[in-house]
Amino acid sequence: MNTFAFLFHPFDLPILFKKGIKEESIGRMNQRFVERTLRWLEPIKRESAKIKSITGSEALCEMIMVPLICDQILYMDPKFVLDKTIKAAELAVKMKVSLIGLGAYLSPVGRRGVLISKAVNTPVTSGTTYTISTAIEATIKATESIGLKIQNTKITIIGATGSIGKACASFLARKVNTLVLSARNIERLEKLKSELEQMHGVSAKIECNVNPKESVKNSDIVVISTSCPSEILSVFDLPAGCIVCDISVPHNITASDAEQTDVLVIDGGLVQVPSPVDFEYLALPPGVAYACLSEAMILALEGRFESFSCGGEISYEKIMEINALAAKHGFKLANFRSFGKIVDDATIERIKKARKNRK
Ligand SMILES: NC(=O)c1ccc[n+]([C@@H]2O[C@H](COP(=O)([O-])OP(=O)(O)OC[C@H]3O[C@@H](n4cnc5c(N)ncnc54)[C@H](OP(=O)(O)O)[C@@H]3O)[C@@H](O)[C@H]2O)c1
């Protein structure tokens, strides 16, 4: 059977210790001590799962955990993080996998997989292409769900200069009325703005804003895809009737009081898989997986053992290609969920009503 490995990392300490230590006791431990200890832990093999396509083909997924949390991947010596990820890839190779997928904050490691693939002489895919595809699809679906035409919308992308944000910006710049690009670095935002304005078929008014709260003013839809592991916006920062597609893993908008507000925050980048997989460490509903993991599944089911999303920017043709393969094997955008709960018709009606009352 086609076998692939998926390298993932815990987002925070409670997830890491899910099996061994109770959550309350982590609170009592010295967090810095635990983080320092993690540095010396070796990558660990976790669950295995069989994936079945609607075509009948099957693949085996081996989950390997790189024991580093988000902050460590972001702020530790990049060489240390790369070496640890390569160790995880070596473990995968020992298990005779034909492809290695990277998840969440591991996607950008080693020049988006290039150095990892080279080190273990095995194809590596960062999962970015299918994540971009699902982010765009979710944005369009969210727009339509509240009865808006995409050409009349103002859409803000937070994390616009990142690999996922930039691809979404390139696509949406040809579709929307106003596109607001947001991130922390103004030079990179301005550069992206002028690149987009020179692209063929771009008609949107493009603005840059380094302040996330200001950037979402009067927006219809907000796409968030950043490498910030904590809250960037509160639901109270958003205009009435706004829909947010939060692709970031971990998310950048927290759940507090979300149900009482007149905005909708969708958990982005989630895919309905054609078989009932249930990965304990990813804490997702059965049958649902992150798009980056789904990309590795699709490639393994197709027998495409190649570094599909690896290194530089992702082309439109690649996005179309992974879309076609996803459909062939029965993968599709998961039903909209907000903080883990399915979004029902009543919620959509609430958002539409809030939009009507918007000044
Ligand atoms: N759902 C999935 O399957 C899936 C798959 C892969 C990745 N992801 C998630 O998608 C997110 C983005 O991934 P990526 O590979 O595109 O990352 P990336 O290429 O590193 O880009 C990160 C972007 O976030 C911006 N940023 C960082 N901190 C910020 C802050 N505090 N406020 C505003 N902007 C900030 C960065 O620009 P500045 O530095 O200028 O601020 C940059 O534009 C991550 O959370 C990742 O885990 C999800």
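**Strands, helices and two single residues**

Colleague: How many bridges join strand β2 (residues 44-52) to β3?

Modeller: The model is a predicted one. In it, β2 and β3 run antiparallel. One residue pair that shows this is Ser-48, which stands opposite Glu-62 in β3. The number of bridges joining β2 to β3 is 7.

Colleague: Which residue in the hairpin of β2 and β3 takes a positive phi?

Modeller: The hairpin has 5 residues between its strands. The positive phi, near 100°, belongs to Gly-56.

Colleague: In what sense do strand β1 (residues 2-8) and β3 pair?

Modeller: The pairing of β1 with β3 runs over 7 bridges. Leu-7 stands opposite Ile-64 in β3. The sense of the β1 and β3 pairing is parallel.

Colleague: How many residues of strand β3 (residues 58-65) are buried?

Modeller: β3 pairs with β1, and bridges also join β3 to β2. The strand is mostly covered. Of its 8 residues, the number buried is 6.

Colleague: Which residues of β7 lie on the side opposite Thr-178, Val-180 and Ser-182?

Modeller: In a regular strand, side chains alternate between the two faces of the sheet. In β7, 5 of 5 residues are buried, and both faces are covered. With Thr-178, Val-180 and Ser-182 on one side, the residues on the other are Leu-179 and Leu-181.

Colleague: Which residue stands opposite Leu-179 in β7?

Modeller: β6 and β7 run parallel and are joined by 5 bridges. The residue that stands opposite Leu-179 is Ile-155.

Colleague: Is helix α9 largely enclosed or open, and how many of its residues are buried?

Modeller: The buried residues of α9 are Ile-164, Gly-165, Ala-167, Cys-168, Ala-169, Phe-171 and Leu-172. Their cover includes α8, β6 (154-158), β7 (178-182), α10 (186-198) and α13 (316-329). The helix is therefore largely enclosed by the rest of the structure, and out of its 10 residues the number buried is 7.

Colleague: Is α8 parallel, perpendicular or oblique to α9?

Modeller: The axes of α8 (residues 128-145) and α9 (residues 163-172) come within 9 Å and cross at roughly 45°. An angle of this kind is neither under 35 degrees nor in the range 65 to 115. The relation of α8 to α9 is therefore oblique.

Colleague: How many charged residues does the contact of α8 with α9 have?

Modeller: α8 brings Thr-128, Thr-131, Ile-132, Ala-135, Ile-136, Thr-139 and Ile-140 to meet α9. From α9 come Ser-163, Ile-164, Ala-167, Cys-168, Phe-171 and Leu-172. By class, 9 of the contact's residues are nonpolar and 4 are polar, while the count of charged residues is none.

Colleague: How are α8 and α13 placed relative to each other?

Modeller: The axes of α8 and α13 come within 9 Å. They cross at roughly 85°. The two helices are therefore roughly perpendicular.

Colleague: How many residues in the contact of α8 with α13 are charged?

Modeller: Thr-129, Tyr-130, Ile-132 and Ser-133 are the α8 residues that meet α13. On α13 the partners are Lys-318, Ile-319, Ile-322, Asn-323 and Ala-326. The contact has 5 nonpolar and 3 polar residues, and the number charged is 1.

Colleague: Which strands are the edge strands of the open sheet with the order β13-β12-β14?

Modeller: This sheet has 3 strands with antiparallel pairing. An edge strand here pairs on one side only. The edge strands are β13 (288-290) and β14 (332-333).

Colleague: Which helix packs on the sheet?

Modeller: Within the sheet, β12 (residues 270-272) and β14 pair over 2 bridges, and the bridge partner of Val-271 is Leu-333. The helix touches β12 and β13, and its direction makes about 100° with that of β13. The helix, residues 291-302, is α12.

Colleague: Is Pro-239 buried or exposed?

Modeller: Pro-239 lies in the loop between β9 (221-224) and β10 (243-246). Beyond residues up to four places away in sequence, it touches Val-216, Asn-218, Ser-219, Val-263 and Arg-358. Its relative accessible area is 14%, and because the cut-off is under 20%, Pro-239 counts as buried.

Colleague: Is Arg-111 exposed or buried?

Modeller: Arg-111 is found in helix α6 (residues 109-112). Its relative accessibility is 57%. Because exposed means over 50%, Arg-111 counts as exposed.

Notes. Residues numbered from 1 in each chain as written. Predicted model: local features only at pLDDT ≥ 70, side-chain atom pairs only at ≥ 80, totals over all residues. Heavy atoms only, no water. Axes fitted to C-alpha atoms, helices over the stretch in contact; angles between N-to-C directions. Helix = DSSP H or I, 4+ residues; strand = E, 2+ residues; numbered from the N terminus. Parallel < 35°, antiparallel > 145°, perpendicular 65-115°, else oblique. Contact = heavy atoms within 4.5 Å. Nonpolar A, V, L, I, M, F, W, Y, C, P; charged D, E, K, R; others polar. Pairing = 2+ DSSP bridges. Buried < 20%, exposed > 50% of the residue type's maximum accessible area, 1.4 Å probe, protein only.
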